[in-house]
Each structure stands twice: as structure tokens, then as C-alpha cells.
Amino acid sequence: MLHTEEVAPLETTSRKPRDDEIDVYGLTHRGKVRADNQDNFVIGSLGKRLHIRQSSLPELSQIPLEEERVAFFAMVADGVGGGFKGETASRMALEVATKYITESARCFYRVDEEEIDLVQALTEGAKTIHEAIQGRAASDPSATGMATTLTLFIGVWPWVYLLQVGDSRHYVYRGGVLRQVSRDQTLAEELANEGLMPRESVRESPLTHVLSSSIGGQQTAPVVTRIPNSWGTVHLLCSDGLTKHVSDERIAERLGGMKSARQVCEDLLQDALDGGGTDNITIVVGRAVPKD
């Protein structure tokens, strides 16, 4: 499923941020109750570079070759199944996803020409990861029942592509307004959408922690969303260990006062721990900060 916000990117004429202008940080914490940490995250970039293999021109070796960033990515996975199963599922999902991004690099190089290729690549990627985890569970009795959420952010300036399965969230913060872009794939959310549960009851319902879609589970329903990106926009990826204890209002307050991605990640982590820390907590925050 593809969700597209068909509006022009803000500041479409502005240049793409340089690598040193990307302020990004991520962390993960076991929390105060769980014995294990089943969350994992990855932050990375995909680049392309000219490599001269051989030449009769010695001066070519003096040309400074800088790697051009084609895409920036970050992902969060929250394992399901308990202990070894959950940690293995989330780790495996991110390993397979990272490999898939590398192997699908041509889609990022030509995104302006072949946008549909990138959407299809992300959808196929979710299927590949899902099947890999199901295959592991089928071949290893100790892994039966393992699954994971996956929220994958790919920035191809000036757009962001978001692949989401499960309930790990993606928020954007701009101009003092926090907005949740992802939609929780839980039984409580589905019941609310169908009018079978009052919207105000979702947060407190035990069904809000029961996934209706997951990577490696019985059902998977990947959603790809495209949104515009811009200077000044802050992106937040997190597992539900944060949002169980920290309200959207508090998240907005923290992002509004952020001095750096690391500082705001650490502050939000402390908020979640102070709120009880009943689950594993993973947070990734990123933004483009001009230095010129």
C-alpha cells in the first residue's frame, strides 16, 4: 500500500544538505523491567563514488574524490516473541534490510526518473525480510513464533520514503507542530478505525499492544508513505517503549527545545525511564542543520 502526500517539498529550490549538516543520533535501552533488549536500530547512508581503476594519466590520482550521498536511511525494529526470539527477529530484519538497500541501489540513483521503482523496491524489500524471518522460524524450532516491527526511513532529498510494518512510529516536527506519519498496526487501532472501539479508549486498551501486522508473523501489511522533506524538519523514529510512557505533547516539547539529536534522544530516554521504563526503548532523531 502506498500513501503519498502530493504536495511540493518545502524549499524545493534549496540545496541538498551536506553530510556534515546532518545531525542524527540513535540509542536503545533495555528499560527498567525487561531482562533483555529486543529492539535494534540502524543509521546509515548510501553513496556513489567514482573509482579510477587504471590510467596512463598520473594527474588523475591527485583529484580529490568525495563520496556523494544518494540516500540517508534509519530504521527501528522491535522484536516480538520474547528474549532470544525477539532480539533475533529484530536484528535479522535490520541485517536483511541493510543488505537489500545496498542491492537495490540503482533505485535511489534514479529516483526522479523511476519513482515507482523505489516504492516497489521497498514493498518487495518488506516481503524479502518477512520471508527470511519466517524461513528461519520454520527451520529452527527454538525460533518458532518470532516476529518484529519495522519502520524504515529513507531520505532521498527532497523526499522521504517510509516503510512501516507494526507499531514502531515515525513522527515529524516542524514549526512547533508534531505529527505522527506512521499508523499503528494494532488490533486496538483497527477496531477504532472500524468504529468498534472509542478512539479515546485505544491508548489504555490491552489490544493496543497486540500487532495486527508484523514482519515474520502470520500477517504482514507493509505501508509505503512518501512525504516532503526540508531544512528545519525534525524526524523521530521510536519503538513503543517510548510512547507508552511519554505523551506526544512531551515529545513535541522536547523536540522544540532540542540543541542536538543526541541531547534530545537522551532526554526522551530519561522521560521514558522516569515514566516507568516497562519496555525496551529505542529512539532515533535526525534533522538537517545548515552551516553556511
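In this predicted model, the side chain of D39 makes a polar contact with the side chain of T282 at 2.9 Å. A second polar contact links the side chain of D39 to the side chain of S239. The table sets out both pairs.

| Side chain | Partner side chain | Distance |
|---|---|---|
| D39 | S239 | 2.8 Å |
| D39 | T282 | 2.9 Å |

D39 is part of strand β3, which covers residues 39-48. This aspartate is buried but has no salt bridge. The nearest side chain of opposite charge belongs to R34, 7.2 Å away. A salt bridge requires a side-chain nitrogen of Lys or Arg within 4 Å of a carboxyl oxygen of Asp or Glu, so a separation of 7.2 Å does not qualify. When neighbours within four places in sequence are left aside, the residues in contact with D39 are T28, A77, D78, G79, S90, S239, N280, I281 and T282. The two polar partners, S239 and T282, thus also appear in this contact list.

A second aspartate, D292, is located in the segment after β12 (281-288). Is D292 buried or exposed? D292 counts as exposed because its relative accessibility is 72%. Apart from neighbours within four places in sequence, D292 is in contact with R15, R18 and E21. For E21, the C-alpha atom is separated from that of D292 by 9.4 Å, although the two positions lie 271 residues apart in terms of chain separation.

The backbone also contains a cis peptide bond, which joins W157 and P158 with an omega of about 10°. P158 is placed in the loop between β6 (150-156) and β7 (159-165). As general background, most peptide bonds are trans.

Turning to the protein as a whole, the secondary structure comprises seven helices and twelve strands. The protein has 292 residues, 50% of which count as buried. Among contacts with a separation of 6 or more, 73% are between residues 24 or more positions apart. The accessible surface is about 14,300 Å², and carbon and sulfur atoms contribute 51% of that area.

Confidence in the prediction averages a pLDDT of 87, with 85% of the residues scoring at least 70. Over residues 4-13, however, the pLDDT is below 50, and this stretch has 20 contacts in the model beyond near neighbours in sequence. Where pLDDT is low, predicted coordinates should not be read in detail.

Notes. Residues are numbered from 1 along each chain as its sequence is written. This is a predicted model: local features need pLDDT of at least 70, side-chain atom pairs count only at pLDDT 80 or more; totals for chains, interfaces and linings use all residues. Side-chain values use heavy atoms; hydrogens and water are left out. Helices (H or I, at least four residues) and strands (E, at least two) are DSSP runs, numbered from the N terminus. Buried means under 20% relative accessible area, exposed over 50%, partly exposed in between (1.4 Å probe, protein chains only). Lys and Arg count as positive and Asp and Glu as negative; His and the chain ends are not counted. A polar contact is a pair of N or O atoms within 3.5 Å; within protein, one must be able to donate a hydrogen and the other to accept it, and residues adjacent in sequence count only if both atoms are side-chain atoms. Contact means heavy atoms within 4.5 Å. pLDDT is the predictor's confidence in each residue, from 0 to 100. Accessible areas come from the Shrake-Rupley method with a 1.4 Å probe; for residues, only the protein chains shown count as cover.
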